[in-house]
Amino acid sequence: MFVRLRELNPHPTTELEYTTAFELLVAVILSAQATDVGVNKATRRLYPLANTPQAILGLGEEGLKKHIATIGLFNAKARNVIATCRILVERHGGQVPRDRAALEALPGVGRKTANVVLNTAFGEPTIAVDTHIFRVANRTGLAPGKDVRAVEDGLLKVVPAEFMQDAHHWLILHGRYVCKARKPDCPQCVIRDICRFPDKTPPG
């Protein structure tokens, strides 16, 4: 499965636009229940003006809201980003910590967000299970589970070590563009012959 996904996309990465661990952290916080496209549109306006914890604190919560108002749940997200920036400045020297517990202690950061930052910014072999990965892992039979943590634990057991760093991105992209929720594009899927999904979309 991963050999085929790697052949299609040898160097996968997140579709969120960022240049630093902090920019990635903010983008992932903003991406909850929002599209990467929508987040990128907002951060393209925000980051040239403020892309450090201190600079975003300088905007203030109301100032930040103006830049992210096009994103769903922007009021709560602005509150969380400002609170996170304050903690980063006060406790971490303005740097994003490379530590799961410290990341999960930040407002608006749960296990999934921490996994994204650890994997994408710091190169840790983690898998952040979002709706796409949850669907692909269950449909294909790769790592079935009733909740995201069960799927994450299953994936960490079955994904070979050589693929662990990139598995997160391959599975998200496969779920986003091929193994779609309503109508999976099974005829164009490179792993259809090894997938255990019983209701494959027929050709035509």
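# A helical chain with two pockets and a cysteine cluster

Gln95 is exposed, with a relative accessible area of 53%, because exposed here means over 50%. It's worth saying right away that this is a predicted model, and every value below is computed from it.

Gln95 sits in the loop between α5 and α6. Along the sequence, Gln95 and Thr52 are 43 residues apart, but their C-alpha atoms are just 8.9 Å from each other in space. Val96 is found in the loop between α5 (74-92) and α6 (100-104) as well. Is Val96 buried or exposed? Val96 counts as buried, at 11% relative accessibility, because the cut-off for buried is under 20%. Pair Val96 with Lys41, 55 residues away along the chain, and the C-alpha atoms turn out to be separated by 23 Å.

**The overall build**

Zooming out, the protein chain has 10 helices and zero strands. Reading along the sequence, you get the pattern α-α-α-α-α-α-α-α-α-α. The radius of gyration is 18 Å, close to the 17 Å that the globule rule gives for 204 residues, so the chain is as compact as a globular protein of that length. If you'd like box dimensions, the C-alpha trace spans about 55 × 35 × 30 Å along its principal axes. As for what's tucked away, buried residues make up 47% of the 204 residues.

UniProt, in an unreviewed entry, puts the feature "domain: HhH-GPD" at residues 30-177. Over residues 30-177, the chain is 68% helix and 0% strand, and the C-alpha atoms at the two ends are 21 Å apart.

**Pockets and a cavity**

Here's how the empty spaces line up, with the class of the residues around them.

| Space | Volume | Nonpolar lining residues | Polar lining residues | Charged lining residues |
|---|---|---|---|---|
| Largest pocket | about 520 Å³ | 10 residues | 10 residues | five residues |
| Second largest pocket | about 170 Å³ | eight residues | three residues | no residues |
| Largest cavity | about 90 Å³ | eight residues | two residues | four residues |

Start with the largest pocket, which holds about 520 Å³ of space. It has 25 lining residues, and the closest to its centre are Ser31, Asp36, Asp130, Ile172 and Arg176. The elements giving two or more residues to this lining are α3 (36-46), α7 (111-121), α8 (131-140) and α10 (161-177). Which element gives the most to the lining of the largest pocket? That's α10, with six residues. And where does the largest pocket lie with respect to domain 1 (21-122) and domain 2 (126-194)? Both domains give residues to its lining, so the largest pocket lies between them.

Now for the second largest pocket, with about 170 Å³ of space. Its lining is made up of Leu5, Leu8, Asn9, Trp170, Leu173, His174, Tyr177, Val178, Gln188, Cys189 and Val190. Two elements give two or more residues here, namely α1 (2-8) and α10. Again α10 gives the most to the lining, this time with four residues. So α10 is the top contributor to the largest pocket and to the second largest pocket. On the class side, the second largest pocket has no charged residues in its lining, whereas the largest pocket has five.

**The four cysteines**

For "binding site", UniProt (again an unreviewed entry) lists Cys179, Cys186, Cys189 and Cys195. These four are spread over 17 residues of sequence, yet they cluster in space, with a largest C-alpha distance of 10.8 Å. The lining of the largest cavity takes in Cys179, Cys186, Cys189 and Cys195.

How many cavities of 30 Å³ or more are there? The count comes to one, and its volume is about 90 Å³. Of the 14 residues lining this cavity, the closest to its centre are Cys179, Pro184, Cys186, Cys189 and Cys195. Cys189 also turns up among the residues lining the second largest pocket.

As for Cys179, you'll find it in the segment after α10. Cys179 is buried, with a relative accessible area of 10%, because that falls under the 20% cut-off.

Definitions and conventions
Residues numbered from 1 in each chain as written. Predicted model: local features only at pLDDT ≥ 70, side-chain atom pairs only at ≥ 80, totals over all residues. Heavy atoms only, no water. UniProt positions renumbered as here; feature names shortened; annotations may be inferred. 1 Å grid on protein atoms, 1.4 Å probe; cavity = no way out; pocket = protein on both sides within 12 Å on 5 of 7 lines; lining within 4 Å. Points joined across faces, edges and corners; volume = space filled by probe spheres on them. Nonpolar A, V, L, I, M, F, W, Y, C, P; charged D, E, K, R; others polar. Domains from an automatic or database assignment. Rg over C-alpha atoms; globule rule 2.2 N^0.38 Å. Buried < 20%, exposed > 50% of the residue type's maximum accessible area, 1.4 Å probe, protein only.
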